[in-house]
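Work through these exercises on charged side-chain pairs. Try each task before reading its solution.

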Amino acid sequence: MHKPWITINVRDRLDLMDSVEFSEHLTLSNIVSWCASLAMIFGGVVPYVPQYRDIKRLESAEGFSTYVCLALLIANTLRIIFWFGHPFELPLLIQSVIMILTMLSLIHLCVRVKNKGEIVPTYPKQFTDFDPRFFWKWTDFLSYVEFLVTFTLVVGAIVYIFIDISLVIEVIGFLALLMEAMLGAPQFLRNFQNKSTFGMSKTMVIMWTMGDIFKTCYFILRNSPIQFWICGILQVSIDIAILLQVVVYRSKQMKHSVHSS
């Protein structure tokens, strides 16, 4: 004779076992690890949101160095290619893809704003002209995409040929992180040349610093390859240097305004 209560009892026990197994996996350390991974994936693009809004609001990209975008595009492309030779954590790979899309969006805005702000249209400068004088000063967005695709294919072919040579792969990884670590350098130089930080989003730089400190700690605690955390320390140092520029140039402007009055 069939006893339905036995079936129900077995089903309840299975559900209880599943819930116990799930609760064992759902520990505080796992939750913190998942949150850190999400912060790692999306946190890198957050600092560029205020800069994007400032450029769009002011209809000017004069205070922002598009070479920051160049550094990040090259760095994250190299990092993705490095992953095929030396796989690392998936969140870092996803972060690189999202960062590339973000930088392309920012470049698209900068190109549109610059073209719109020109009173007398200049002669078009394109990537296919292969003129080094106008490198990264092209007047159409497609040229930037063409450069990125060309760079990816060339480096990808090199890695494919030398995939079994660990030294080549490690050099690619180091170059990727070094480029990312130096991403603040173009902005630092632009501020130094202008003797001003006008047009640069201060919020962006503060978020850079906070994010890079978090990222460096993440690399160290997760035992990431040594290239990651060494370049992270360098990146934090450049961020702090840019923040010092904000303080120094602001004080100089205040003194100048006082003397003028």
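At 21% relative accessibility, aspartate 54 counts as partly exposed (buried is under 20% relative accessible area, exposed over 50%, partly exposed in between; 1.4 Å probe, protein chains only). The model is predicted: local features need pLDDT of at least 70, side-chain atom pairs count only at pLDDT 80 or more, and totals for chains, interfaces and linings use all residues. Residues are numbered from 1 along each chain as its sequence is written, and side-chain values use heavy atoms, with hydrogens and water left out.

**Exercise 1.** Find the salt-bridge partner of aspartate 54 and place the pair in its helix.

Solution.
- Step 1: apply the cut-off, a side-chain nitrogen of Lys or Arg within 4 Å of a carboxyl oxygen of Asp or Glu.
- Step 2: arginine 57 fits, at 3.4 Å from N to O.
- Step 3: both residues sit in helix 3 (residues 48-58), 3 residues apart, so about one helical turn separates them. Helices are DSSP runs (H or I, at least four residues), numbered from the N terminus.
- Step 4: arginine 57 is exposed, at 59% relative accessible area.

**Exercise 2.** Which parts does the salt bridge between glutamate 59 and lysine 116 tie together?

Solution.
- Step 1: the closest N and O atoms of glutamate 59 and lysine 116 are 3.8 Å apart.
- Step 2: glutamate 59 is in the loop between helix 3 and helix 4 (67-85), lysine 116 in helix 5 (residues 90-117), so the bridge links parts 57 residues apart in sequence.
- Step 3: glutamate 59 is partly exposed at 34%; lysine 116 is exposed at 59%.

**Exercise 3.** Is arginine 133 buried or exposed?

Solution.
- Step 1: its relative accessibility is 61%, so arginine 133 is exposed.
- Step 2: its salt-bridge partner is aspartate 131, at 2.8 Å from N to O.
- Step 3: aspartate 131 is partly exposed, at 22%.

Notes:
Helix = DSSP H or I, 4+ residues; strand = E, 2+ residues; numbered from the N terminus.
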